[in-house]
Amino acid sequence: MIQLLGKDLRKKDIAELKDKASKNVNLTFYLVYDPSFNESCSYVNSIIKTLDKVGWQHVTYKLTKSYRDYGALNKIRSIKDSMVILARPVLFDEETLISLIDYRSDPDMLTDFNKGKLYSGNLNYLPATAMSVRRLVEYYNIDCKGKKVLVIGRSISVGLPIFMYFQRKNATCTLAHSKTEKIDLNKAIIESDIIVLATGKQGLIDRKFLNNKQIIIDCGYHSNGTGDLGFVPNDNELYAYTPVPGGVGPLTITSLLKNALLLHTLYKNSKEKELNNF
Ligand code: NAP
């Protein structure tokens, strides 16, 4: 059974990003988060560690608990010359926060403009986890054309963009979610060539429905260090899978930084012009 691992790609990413930083491509990241959520704090810490490795700047911005933190809203709205990363979950109105981010400062590809690019078929606009899945699929030469792909989970930042990726690569896709009937989910699990887990829930996959031609891509991450699959497959139980930790996770942050680099490269001149006229 093949393990699909992110670590080699991550090493390459870090080297590439460091090289850019050494050639005067200097980016600053505003990391906006609610410190009352442990998962947001550890996400922000991991981003900081990677940014320090690369040599890019960062500023943290803590959201307060008020229903509408006007300081945060105004701050996010005013950021024009840096990248903005909104660590989730947040306590108040995520949609409002996202709507304030300039699409050129949005490496998570969550603004309407960047989502629109993806939904028009441009696969450069994938949010970080979806981009990590794309990169693993391409690195391991997994052929998607005509394959049956089941994506479980339809969040705007993980499941749905992964679904968009596979359908664009000419797979025949099924999207399951919390309202999918168990009997339909099990049928789709049996029939699928590739199964992507993006729910934050374990116990959805009964291993008796798996076979050794299938690939499982597990985007989940739980505080005990396991993924959404919740068990380690035996040799021969699957054709390939992404272990947790070690599969998708190692690529998430470098994919985010590569997205930032893409936006910077695309829009550098238009931003400079705007800032000069400010
Ligand atoms: P989310 O916003 O909570 O969305 C969860 C999705 O799973 C929803 O679409 C939900 O369906 C669906 N779902 C929940 N229970 C289900 C069930 N019993 N059967 C089928 N579908 C079910 O979570 P998320 O942000 O997408 O994160 C998903 C997973 O990815 C989590 O484990 C998270 O830790 C992980 N994640 C990993 C990374 C990484 O770097 N690897 C990054 C971000 C997230 P409804 O739409 O019907 O509610």
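**Sheets, flanking helices and ligand contacts**

In the predicted model, Y30 has V84 of strand β4 as its bridge partner. This pair belongs to the contact between β4 and strand β2 (residues 28-33), which run parallel and are joined by four bridges. Both strands are part of an open sheet of three strands, paired in parallel and ordered β3-β2-β4. Strands β3 (57-62) and β4 (83-86) occupy the edges of this sheet; each has a single partner strand, and therefore one side of each is left without a neighbour in the sheet. From one strand to the next, the twist averages 20 degrees.

Two helices lie across the three-stranded sheet. Helix α2, formed by residues 38-54, lies across β2, β3 and β4 and runs at about 170 degrees to β2. Helix α3, formed by residues 70-78, also lies across β2, β3 and β4, and its direction is at about 150 degrees to β3.

The protein is divided into two domains, with domain 1 spanning 23-105 and domain 2 spanning 123-250. Taken over C-alpha atoms, the centres of domain 1 and domain 2 are separated by 28 Å.

A further open sheet comprises six strands with parallel pairing, in the order β1-β9-β8-β7-β5-β6. Its edge strands, β1 (2-3) and β6 (172-176), each pair on one side only. Within this sheet, four bridges link strand β5 (residues 148-152) to strand β7 (residues 194-197) in the parallel sense. L150 stands opposite I195 of β7.

Helices also lie across strands of the six-stranded sheet. Helix α7 (residues 159-168) crosses β5, β6, β7 and β8 (215-218), running at about 170 degrees to β6. Helix α8 (residues 182-191) lies across β5, β6 and β7, and runs at about 140 degrees to β5.

The ligand has 18 residues around it, of which R154, S155, S178, C219 and T252 come nearest. For T252, a polar side-chain atom lies 2.6 Å from an oxygen atom of the ligand. The side chain of D228 places an N or O atom 3.3 Å from a ligand oxygen. At G200 the contact involves the backbone, where a polar atom is 3.3 Å from an oxygen atom of the ligand. Taken alone, the ligand exposes 920 Å², and the protein buries 68% of that area.

Notes
Residues numbered from 1 in each chain as written. Predicted model: local features only at pLDDT ≥ 70, side-chain atom pairs only at ≥ 80, totals over all residues. Heavy atoms only, no water. Pairing = 2+ DSSP bridges. Axes fitted to C-alpha atoms, helices over the stretch in contact; angles between N-to-C directions. Contact = heavy atoms within 4.5 Å. Near = heavy atom within 4 Å. Polar contact = N/O pair within 3.5 Å; in protein donor to acceptor, adjacent residues only side chain to side chain. Areas by Shrake-Rupley, 256 points an atom, 1.4 Å probe, with all protein chains shown as cover. Domains from an automatic or database assignment.
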